[in-house]
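Here is a short report for someone meeting this structure for the first time. Look at the model, then read on.

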Amino acid sequence: MPSYLEQLKIIIAMKEAGNIKRFIPSEFGNEVDRISPLPPFKAIFDKKKAVRRAAEKSGKPCTFIFANSFGAYFVNILLRPFDEKLHKVTVYGTGETKYKS
């Protein structure tokens, strides 16, 4: 799993150095403040939010780039929500959503 929180060390070093003009976090996925992720991704997005808040609080200009993820990155989980260790499948929702044409 990516180490998003390691970027907090970069933000601290950036403030101490004093000569950094702009911070561009190493995170090019979704706009974490505008989505409501399901449980497997919520923990990851919370880490991304922590980096974003720390970058904003640093007072240095920041640029956040959002590519809205690559579908292939999540295909394995979305198409196979299977935990091989527990031999269990997780289904989200109640299953009562109706299709409207």
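K60 touches four residues that lie beyond its sequence neighbours: M14, G18, I20 and A55. Residues up to four places away in sequence are not counted here. The model is a predicted one. K60 sits in the loop between α2 and α3. Is K60 buried, partly exposed or exposed? K60 is partly exposed, because its relative accessible area is 23%, and a residue must be under 20% to count as buried.

**Around K15**

K15 belongs to helix α1. K15 is also partly exposed, since its relative accessible area is 46%; exposed would need over 50%. G59 shares a loop with K60: G59 lies between α2 and α3, and so does K60. G59 is exposed, because its relative accessible area is 64%. That value is over the 50% cut-off.

How far is K15 from residues well along the chain? The table lists three C-alpha to C-alpha separations.

| Pair | Apart in sequence | C-alpha to C-alpha distance |
|---|---|---|
| K15 and A55 | 40 residues | 9.9 Å |
| K15 and G59 | 44 residues | 8.6 Å |
| K15 and K60 | 45 residues | 8.0 Å |

A55 appears in this table. A55 is also one of the residues that K60 touches.

**Two packed helices**

Two packed helices are described by the angle between their axes and the distance between the axes. Helix α1 covers residues 7–17, and helix α2 covers residues 39–57. At what angle do α1 and α2 pack? The angle is about 5°, and the axes are 10 Å apart. Helix α1 is therefore roughly parallel to α2, because angles under 35 degrees count as roughly parallel.

Which residues make the contact? From α1 come Q7, L8 and I11. From α2 come A50, V51, A54 and A55. Six of the contact residues are nonpolar, one is polar and none is charged. A55 thus has a part in two places, because it belongs to the contact of α1 with α2 and is touched by K60.

**Charges and rings**

Two charged residues sit over aromatic rings. K48 lies over the face of F45, with 5.0 Å to the ring centre. R52 places its charged end over the ring of F64, 4.6 Å from the centre of that ring. How many aromatic pairs does the structure hold? The count is zero.

**The whole protein**

The protein has three helices and two strands. From the N terminus on, their order is α-α-α-β-β. Helix α3 spans residues 71–79. The protein has 101 residues, and 20% of them are buried. Consider the contacts with a separation of 6 or more: 66% of them join residues 24 or more positions apart.

Note on methods
Residues are numbered from 1 along each chain as its sequence is written. This is a predicted model: local features need pLDDT of at least 70, side-chain atom pairs count only at pLDDT 80 or more; totals for chains, interfaces and linings use all residues. Side-chain values use heavy atoms; hydrogens and water are left out. Rings of Phe, Tyr and Trp (its six-membered ring) pair if their centres lie within 6.5 Å; planes under 30 degrees apart count as stacked, over 60 as edge-to-face and the rest as tilted. A charge sits over a ring if NZ of Lys or CZ of Arg is within 6 Å of the ring centre and within 35 degrees of the ring normal. Axes are lines fitted to C-alpha atoms, for helices over the stretch in contact, and angles run from 0 to 180 degrees between N-to-C directions. Helices (H or I, at least four residues) and strands (E, at least two) are DSSP runs, numbered from the N terminus. Angles under 35 degrees count as roughly parallel, over 145 as roughly antiparallel, 65 to 115 as roughly perpendicular and the rest as oblique. Contact means heavy atoms within 4.5 Å. Ala, Val, Leu, Ile, Met, Phe, Trp, Tyr, Cys and Pro count as nonpolar, Asp, Glu, Lys and Arg as charged, and the others, Gly among them, as polar. Buried means under 20% relative accessible area, exposed over 50%, partly exposed in between (1.4 Å probe, protein chains only).
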